[in-house]
Amino acid sequence: MKAMASKEPVVERVADLAMQLGARHLADYGATTSRHDFTQRQLMACLILRAYLKTTYRGVLELLAVSPSLRRCLGLSEKLPHYSTLAKFSDRSKVLEIVDVMIQSIARAVGQREPNPEAAAMDATGLETTTASAHFQCRRGGQRRKWVKISTVVLCGSLMPLGLVLDWGPNNDKCQAAALITKAQQSAVPDKVYADAGYDAEWIHVQCREQWGVESVIKPAVHRADGQRSGLWRSGMSEKYLKRKGYGQRWAVESFFSGLKRTMGSMLTSRKPKQLLAEAAFKVLAYTLRR
């Protein structure tokens with residue numbers, strides 16, 4: 001059985017896990033008056049596969065049409081949904097909340113296997129909202145004005161995200177920190193959390209240490225001419241302290257972002273703002289399931 005499972009294609013394992021998660025967090029149908037052609041978890045799994053395969057709504061349905069094994073994973077042996085059905089489901093108001101709950105449930109499952117995780121790392125990255133290359137935009141004199149900003153906390157060992165906050169960039173990383181820490185503390189309680197100077201604020205130290213119960217190790221940013229840092233916790237973040245606490249482990253979150261972009265792509269293909277955020281969330285969820 002183990003030998004057979006190891007030979008199962010990754011995309012089919014992602015589809016199986018997507019269906020299992022959907023069964024836990026989604027009702028079969030969104031309304032009693034609907035046609036009941038497809039369950040909500042089937043539609044959710046199609047959207048996760050769309051993100052994993054870096055394709056369009058039409059593209060994922062074309063792949064399903066020629067892949068009997070994938071259709072069996074999703075229970076879609078008789079017929080497939082129309083591409084507009086997937087688009088409308090992605091545009092629902094609660095889809096981001098559902099994706100976030102799924103990511104946190106995966107984190108809690110990992111936390112049960114690793115009851116005492118040693119460290120986590122917090123950071124943010126951006127996904128492009130256009131397929132135009134940065135080189136082309138630079139040559140035509142354009143500027144990068146807006147992108148989807150992903151903020152997350154990942155476990156340094158397993159690289160599993162503990163929480164996800166989506167916003168529009170550019171803005172300061174502190175803008176998402178409070179909501180991100182609140183979500184992460186519901187999933188696991190590591191010994192330490194690392195962050196770069198973008199999160200240098202006394203209130204972040206306080207939230208991590210007093211509310212989450214985690215030792216915060218954050219590289220300080222110098223704002224005063226004399227180089228002094230205010231605050232009980234900020235003042236102690238010296239280079240010697242950071243080195244003693246293993247600050248180099250912060251790069252785990254960069255490894256997560258690197259794998260996310262290499263596997264899922266760094267560009268979003270949706271056009272509506274709401275669906276851009278949903279597509280970014282599905283990329284993170286699909287990559288988490290793949291891991």
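1. **Confidence.** pLDDT is the predictor's confidence in each residue, from 0 to 100. That is a good place to start, since what you have here is a predicted model. The mean pLDDT of the protein is 88, with 90% of its residues at 70 or more. Looking at the elements, strand β4 (residues 192–195) has the highest mean pLDDT, 97, and helix α1 (residues 2–7) the lowest, 49. Residues 1–5 have pLDDT below 50, and beyond near neighbours in sequence this stretch has one contact in the model. I would keep that in mind when looking at the N-terminal end.

2. **Overall build.** The protein contains 13 helices and five strands. Its C-alpha trace spans about 70 × 55 × 40 Å along the principal axes. The radius of gyration is 21 Å, which agrees with the value near 19 Å that a compact globule of 291 residues would have. Of the contacts with a separation of 6 or more, 67% are between residues 24 or more positions apart.

3. **Surface and burial.** Buried residues account for 49% of the 291 in the protein. The accessible surface is about 14,700 Å², and carbon and sulfur atoms hold 51% of it.

4. **Aromatic pairs.** How many aromatic pairs are there? The count comes to three. In one of them, F256 with Y287, the ring centres are 5.4 Å apart and the planes stand at 65°; angles over 60 degrees count as edge-to-face, so this pair gets that label. F256 belongs to helix α12 (residues 251–264) and Y287 to helix α13 (residues 273–290), so the pair ties together parts 31 residues apart in sequence. F256 and Y287 are both buried. Ring pairs also bring in F257, making a cluster of F256, F257 and Y287.

5. **Charges over rings.** Two arginines deserve a look here. The charged end of R58 sits over the ring of Y83, 3.9 Å from the ring centre. R209 lies over the face of W233, and there the distance to the ring centre is 4.1 Å.

6. **Helix α10 and what follows.** R209 also appears among the buried residues of helix α10 (residues 202–212), together with I204, H205, Q207, C208 and W212. An α-helix has 3.6 residues a turn, so residues three or four places apart point the same way. You can view the buried positions of α10 with that in mind, including I204 and C208. Just after α10, G213 takes a positive phi of about 75°.

7. **I218 in strand β5.** Is I218 buried or exposed? I218 has a relative accessible area of 1%, so it is buried. This residue is in strand β5 (residues 215–218). Leaving aside neighbours within four places in sequence, I218 contacts A195, D196, Y199, D200, I204, H205, M237 and L242. Two of these partners, I204 and H205, are among the buried residues of α10. A184 lies 34 residues from I218 in sequence, and the C-alpha to C-alpha distance is 17 Å.

8. **W168 in strand β3.** W168 is placed in strand β3. Not counting residues up to four places away in sequence, W168 touches T129, K146, W147, V148, K149, P273, L276 and L277. W168 and P273 are 105 residues apart in sequence, yet 9.5 Å apart in space from C-alpha to C-alpha.

9. **Backbone points to check.** Most residues other than glycine have a negative phi, and most peptide bonds are trans. Where is the cis peptide bond? It joins G169 and P170, with omega about 5°. P170 lies in the loop between β3 (161–169) and α9 (174–184).

10. **Two positive phi values outside glycine.** K54 has a positive phi of about 55° although it is not a glycine, and K54 lies in the loop between α3 (40–52) and α4 (57–65). L159 also has a positive phi, near 60°, and is found in the loop between β2 (147–155) and β3. On accessibility, K54 is partly exposed, with a relative accessible area of 49%. L159 has 14% relative accessibility, and the cut-off for buried is under 20%, so L159 counts as buried.

How values were computed
Residues numbered from 1 in each chain as written. Predicted model: local features only at pLDDT ≥ 70, side-chain atom pairs only at ≥ 80, totals over all residues. Heavy atoms only, no water. Phe/Tyr/Trp six-rings, centres within 6.5 Å; stacked < 30°, edge-to-face > 60°. Helix = DSSP H or I, 4+ residues; strand = E, 2+ residues; numbered from the N terminus. Buried < 20%, exposed > 50% of the residue type's maximum accessible area, 1.4 Å probe, protein only. Lys NZ or Arg CZ within 6 Å of the ring centre and 35° of its normal. Rg over C-alpha atoms; globule rule 2.2 N^0.38 Å. Contact = heavy atoms within 4.5 Å. Areas by Shrake-Rupley, 256 points an atom, 1.4 Å probe, with all protein chains shown as cover.
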